[in-house]
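User: I'd love a close look at one part of this model. Could you take me through how the helices pack there?

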Amino acid sequence: MEKKTVTFVAKMDEFLQSVVSQCHELGISQDFHIEGRRVDQLPYRPIAEGSLVVLSTKSIYEQVEPYLPQDSRAIVAKRMLPYHNLREMLEIPRGVKVLLVSDTAETVDETMRLLIASGMDFELYPYYPGSDYPLDIDIAVTPGEAEHVPPTIRKVVDIGFRVIDLSTWLEIYAHFDNGNFQKVTARTMQSLIYITKQLNNEILHARLLQMYLEGIVNRIEDAVIALDEQEVIRFINQKAIDTLHLHGPGVQGEKAAVCLPEDFMETVRDCDENEEVLVDWAGRTYFFRKMHIVMEGRYLGSLLLFRKAAEIEKMEHDYRLRLYSKGLIAKYSFDEIYGKSQSFQQVIQIAKKIARSNSTVLLLGETGTGKELLAQAIHNASPRKREPFVGVNFAAISESLLESELFGYEEGAFTGARKGGHIGWFELAHKGTIFLDEIGDASGAIQNRLLRVLQERQIMRVGGNKVIPIDIRVIAATNQDLQQMVKEGRFRADLYYRLNILPIHLPPLRKRAEDIPWLVDAFIRRYCVDLRRPPFTLSREALNAMQAYDWPGNIRELENVVEYLAHVVEEEVYAYHLPFLQTAAVVPLEADGLQYECEEVYQAYEKRGFLLEMTAILQELSTAGGGRYALQEQLRERGIDLTTQQLRYRLKMLQQDELIRVGKGRQGSSISSKGEAFLAFCK
Ligand SMILES: Nc1ncnc2c1ncn2[C@@H]1O[C@H](COP(=O)(O)OP(=O)(O)OP(=O)(O)O)[C@@H](O)[C@H]1O
């Protein structure tokens, strides 16, 4: 049986080519003889008699009508999107302005309706040659009409020619009342359903993905804004809207410069990629970070992350509190290490530089020179400052416990091992710093294990067989001469070299006596605040004695002395107050400045015949104190009759000799510690 003819007529070859391939794809060319004609070919390539004519669009009907054979019928094809470039189309961000380009107003209109019907929710603007369009559009979508895309457009998504849809095929079959109708319909349907399902899945998938992403980004604590390369806001989360007091998500799709605060935009432009800066906007401080979004080497825009500094500080505070409760915190920073001498300042400068590196540090110095303090400051100035600081003192823990404490143990590793095992100090220090104090006291067995940890940066728990990698910075300290110990075979040479990468020598206090006044002052302030008492000062003799002393316990000893003085001294410290002079008698009594001074004052008063009166005044003040008139009265009772003028003169002398303090106004006078010492001397 001769096949029925279907003639497709269009303006462009491309439509005819796409129809032919669709006919093959759907098996339609097996049932019909398919012909194609361009409108301009009709005068010399006539349409076959009895053929069904299918027009690509209604607008060509008038041009085609004169060439229609008598018995032929013409129908207009209904079209659908081919979705060849579906992926590319889905990659266009939601809410972006898109120019829809085709050859005529009619095809633009049809394609537009098809796009909207399939759920593509771009902001579509129609364009066909000769029409106007907004100039701020960068992306165009076209159904196979790329040649009409205006030159200002940067990106073109060609979705291909619209194909003929199911209802048109049905109409064709119905026209010829073809017996294969059922079969072909089923085949066509199958193919169309497949395409539609694919499309739905893609759209659904993209939507879900977008929803997930929005959900996640809205839940994160940072404010997030994504800008494209034109600084158009592509995404903004709720936190950013709240932080910048914006009106709502409506700013999405808007130019950032128009709707974001000016000072914010200045930061965006000034900030380098991946740089974290502290900025002030509207009287508040924020942490701000900018990252570039680059995909397959192409710059797509930038991601802005920011947050109130106060929030971060609170978070850090909470975190540190948690670490603190576990005792894994370094309290001290460089600001709390006192010392102005050149030798000490050099140490601090080196330590500050070393803090930034990740290398092992060895702190060497006598006891009490501040090795632990410095280790903590180094940790707190290092990139690991937010991670744990774990201190291990090799002299303070028994050998039997040390191994399991350092490396942890597995359940059942030994009798008494805790159920579930136990995490060791090395594991606790992961990501942070471990401070190995008094390393010179580590036994040979422990030295062996330490060496392995330092070499391999991994540990194995006692009784375990699993290797646990650890990322730690090691700071070791000792007051022993490790080099000598190596020579004597008491310390492993290879461990010594592993530790002695960045050695820091802390000078003993006696070698930086010029720091003493300064340290004393700092400690006085600290303890007076702690004890809620007024500050006190040091007499010249007391300070001299302190600087002459050799401080075997170094700063720890000095700190202890000041703490003691803060408890026992009122206003001024005299040499005889100093505990190390009293107990060790390091400075002979004759050389004691106070003793000598008392002697001098005693002789001067005696020479002038004041001695009796002066000691009486001091005795009265040591028991009662008080105003001048009361004092005059008390002295009179003792048989010492002084005029007001005489008493005033004597009080002035006593004050000059630092034996009494004269209060302001009616407060009266009181005996000083030196005055007490003088009384004791007289006795
Ligand atoms: N430069 C300093 N400024 C302020 N305080 C200091 C300084 N050096 C040490 N200290 C104080 O002295 C005491 C001892 O310091 P630290 O424990 O760090 O010394 P150490 O060298 O580790 O001693 P040891 O070898 O006995 O363990 C601490 O209370 C510390 O606060």
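In which hand does H23 pass H24, right-handed or left-handed? Please describe the surroundings of that crossing as well.

Analyst: Happy to. Please keep in mind that this is a predicted model. H23 passes H24 in a right-handed crossing. The residues that make this contact are Ala-616, Ile-617 and Glu-620 on the H23 side, and Leu-631, Gln-634 and Leu-635 on the H24 side. Sorted by class, the contact of H23 with H24 holds four nonpolar residues, one polar and one charged.

Now for the geometry. H23 covers residues 611-623 and H24 covers residues 628-637; their axes come within 10 Å and cross at roughly 120 degrees. H23 and H24 are therefore oblique to each other, since an angle counts as roughly perpendicular from 65 to 115 degrees and as roughly antiparallel over 145.

H23 has another partner to look at, helix H26, which spans residues 673-682. Here too the axes come within 10 Å, and the crossing angle is roughly 125 degrees. That angle makes H23 oblique to H26. As for the hand, H23 passes H26 in a left-handed crossing, whereas its crossing with H24 is right-handed.

The residues of this second contact are worth picking out in your viewer. From H23 come Thr-615, Leu-618, Gln-619 and Ser-622, and they meet Gly-675, Glu-676, Phe-678, Leu-679 and Cys-682 of H26. By class, the contact of H23 with H26 has four nonpolar, four polar and one charged residues.

To put the two contacts side by side along H23: Ala-616, Ile-617 and Glu-620 belong to the contact with H24, while Thr-615, Leu-618, Gln-619 and Ser-622 belong to the contact with H26. Each contact includes four nonpolar residues and one charged residue; the polar count is one with H24 and four with H26.

If you would like to follow the packing on screen, start at Ile-617 of H23, with Leu-631 and Leu-635 of H24 among the residues across from H23. Then go to Leu-618 of H23, and look for Phe-678 and Leu-679 among the H26 residues of that contact.

Key:
Residues numbered from 1 in each chain as written. Predicted model: local features only at pLDDT ≥ 70, side-chain atom pairs only at ≥ 80, totals over all residues. Axes fitted to C-alpha atoms, helices over the stretch in contact; angles between N-to-C directions. Helix = DSSP H or I, 4+ residues; strand = E, 2+ residues; numbered from the N terminus. Parallel < 35°, antiparallel > 145°, perpendicular 65-115°, else oblique. Left-handed = near helix turned anticlockwise from the far one by under 90°. Contact = placed C-beta atoms within 7 Å. Nonpolar A, V, L, I, M, F, W, Y, C, P; charged D, E, K, R; others polar.
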